[in-house]
Amino acid sequence: MVKAKKFVLRKHPEGLPKSTDFKLVEEELPPLKENEVLTEAVFLSVDPYMRAYMSTLSLDTTMIGSQVAKIIESRNPKYPVGKYIVGQFGWRTHTITDGASAAGSGPLIVLPDLGDLPLSLGLGVLGMPGNTAYFGFLEICLPKVGETVVVSGAAGAVGSHVGQIAKIKGCKVIGIAGTDEKGKWLTKELGFDHFINYKTQNVGEELKKVAPEGVHCYFDNVGGEISITVMNQMKMYGRVAVCGAISSYNEKETPKVTSPFRPIIFQQLKVEGLYVTRWNDRWMEGINQNLQWIKQGKLKYHETVTEGFQNIFNAFVDMMNGGNTGKAIVKV
Ligand SMILES: NC(=O)C1=CN([C@@H]2O[C@H](COP(=O)(O)OP(=O)(O)OC[C@H]3O[C@@H](n4cnc5c(N)ncnc54)[C@H](OP(=O)(O)O)[C@@H]3O)[C@@H](O)[C@H]2O)C=CC1
Ligand SMILES: CCCCC/C=C/C=O
C-alpha cells in the first residue's frame, strides 16, 4: 500500500498566501485498476497561475500544479514502468492516473528522450511555460526582423524564453524585471539588448532612451502600470500579447490602473489575450522546436531549484516575490 503526501487548501488566501492556508495530509492509495498507472513525483512546478486559481478551488482540494513523475507501477501499456511523464497531478508525491489529463490543463505527455538535459525542463523551457513563450509570442506578436520587442517579467520562465525567441527572429529586445542581477543575466548571457529595472528606474523614461523608435511588440507578463507605460510608447499598429498579470494576483480587489484605451485607439494597437491550452493540439511542435533551439545553442535556460517536497509552499511564495531566475522548480 502506497501512502501519498499531498498539500490541500485549508483557507482561501488573502493577499500573499500563508503556509497556514495549506495542510500537508497523507492519503492511502488503492491497488491499480486496469488502465491505471501509479506515478511518483520527481520535480514539481510552482507557477503564478496557481495564485490566480487558489481563490476558486474548493477547500480541502489538493493544490493544483504540474509535475514530472516516474511511472512506478502500470496496468496501461501506453505508460510503461520507468517512463517519465508530465501531468497536472497537483502538489502531491504519488498519483494514480489512467492517462486522461485534468480538465483545462495542458495534455499529459510522456517526455521525449532529453539526452543529457534535466527532466525538470519538462516543466519549464520544454513544457507549459516554454509553449506559452513559443506559441504566445510567435502567433500573437508576429515578430519581424528588425522590430523592437519589449518583454515584462523578462527574467522569469516565460519572459526569458520570449526574449530569446525574439532574438532568434532578429528583433531588438528590451526586458523589464526586478533586480540588476536578473538584468545582467538577460543582457550578458541571453543576448537581450537592454534591461530596465522596474523597481529602481523610471520605466517610461528608460524606454524612451533605449527605444526612441517606438515599440512594435509587447509581450506582457505582469499587467498594471508597467504595461500602460509600455503601450503608450508603442508604434502604430503595434501588437500586444497579454499573457499574465502577476502584479495583481495577490490583490483582493481589481486594481485601479490608468486606462489603456488611449494608446489602443490612437496607436491602433492589436491587443490579444492568450491561454496556452489554445495550442494543446500543437503541443509537441513547441516542445520539439524549443528542444532543437537548445541543442543548437540558441536557447538557454536557468532553473531556481528548491529541494524537498515539504518546501513547495516556500518555493511558491519565493517565486511570487521574485526570488526565481528562469523557472522555479521543486526537486522532491
Ligand atoms: N496565459 C497563459 O497561458 C500563461 C500565462 N502565464 C503568465 O505569465 C507570467 C509569467 O509566468 P512565469 O514565467 O511562469 O513566472 P516567472 O518565472 O516570471 O515568475 C514570476 C515573476 O514575476 C515577477 N513579479 C512578481 N510580482 C510582480 C509585480 N508586482 N510586478 C512585476 N513583476 C512581478 C517576479 O520577477 P521580478 O523580480 O521581475 O519582479 C517573479 O520572478 C505570469 O503572469 C503567469 O501568470 C504563464 C504561463 C501560461
Ligand atoms: C497546464 C495549466 C495551464 C496554465 C496556464 C497559465 C495561465 C496563467 O497564468
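**A loop, two domains and a ligand between them**

Leu 142 sits in the loop that links α2 to β8 (148-152). In this predicted model, the residue comes just after α2 and takes a positive phi of about 45°. That is worth a second look, since Leu 142 is a residue other than glycine. Most residues other than glycine have a negative phi. As for its surroundings, Leu 142 has 14 C-beta neighbours inside 10 Å and so counts as partly exposed.

Tyr 237 makes a good companion to this case. Its phi is near 65°, again a positive value in a residue other than glycine. Tyr 237, however, belongs to a strand, β12 (residues 234-242). With 10 other C-beta atoms within 10 Å, Tyr 237 is exposed; the cut-off for that class is 12 or fewer.

Back to the helix that comes before Leu 142. The 14 residues of α2 reach 18 Å from the first C-alpha to the last, close to the 20 Å expected at 1.5 Å a residue. Because 11 of those 14 residues are buried, α2 is largely enclosed by the rest of the structure. The buried set includes Met 128, Pro 129 and Gly 130, along with Phe 137, Ile 140 and Cys 141.

One of these, Phe 137, turns up again in the largest nonpolar core. This core has 45 residues, and Phe 137, Val 149, Ile 176, Tyr 218 and Phe 219 touch the most other members. A second, separate core has 26 residues, including Met 50, Met 63, Trp 91 and Phe 313. To get a feel for the packing, take Ile 176: leaving out residues up to four places away in sequence, it touches Val 150, Val 151, Ser 152, Ala 154, Ile 196, Tyr 198, Val 203 and Ile 226.

Zooming out, the protein chain is divided into domain 1 (2-124 + 302-331) and domain 2 (128-277). The C-alpha centres of the two domains lie 29 Å apart. Where they meet, domain 1 puts in 15 residues and domain 2 puts in 17. On the domain 1 side, the residues that touch domain 2 are three nonpolar, nine polar and three charged.

Domain 1 is written as two stretches of the chain, and Lys 5 gives a nice view of how distant parts of the sequence come together. Lys 5 lies in strand β1 (residues 3-9). Its C-alpha atom is separated by 9.2 Å from that of Gln 310, although the two residues are 305 residues apart along the chain. Lys 5 also touches Phe 309, as well as Leu 24, Glu 26, Arg 92 and Thr 93, not counting residues up to four places away in sequence. With 16 C-beta neighbours inside 10 Å, Lys 5 counts as partly exposed.

That leaves the ligand. Ligand 1 is surrounded by 30 residues, and the closest are Gly 156, Val 158, Gly 178, Gly 244 and Gly 322. The elements that give two or more residues to this shell are α2 (128-141), α3 (157-168) and α9 (312-320). Of the elements, α3 gives the most, with three residues. By class, the shell has 17 nonpolar, 11 polar and two charged residues. Finally, where does ligand 1 lie relative to domain 1 and domain 2? Both domains give residues to the shell, so ligand 1 lies between them.

Terms used: Residues numbered from 1 in each chain as written. Chains lettered and ligands numbered in written order. Predicted model: local features only at pLDDT ≥ 70, side-chain atom pairs only at ≥ 80, totals over all residues. Near = placed C-beta within 6 Å. Helix = DSSP H or I, 4+ residues; strand = E, 2+ residues; numbered from the N terminus. Nonpolar A, V, L, I, M, F, W, Y, C, P; charged D, E, K, R; others polar. Domains from an automatic or database assignment. Expected span 1.5 Å × (residues − 1). Buried ≥ 20, exposed ≤ 12 C-beta atoms within 10 Å, placed from the backbone. Core = buried A, V, L, I, M, F, W, Y, C linked by C-beta atoms within 7 Å. Contact = placed C-beta atoms within 7 Å.
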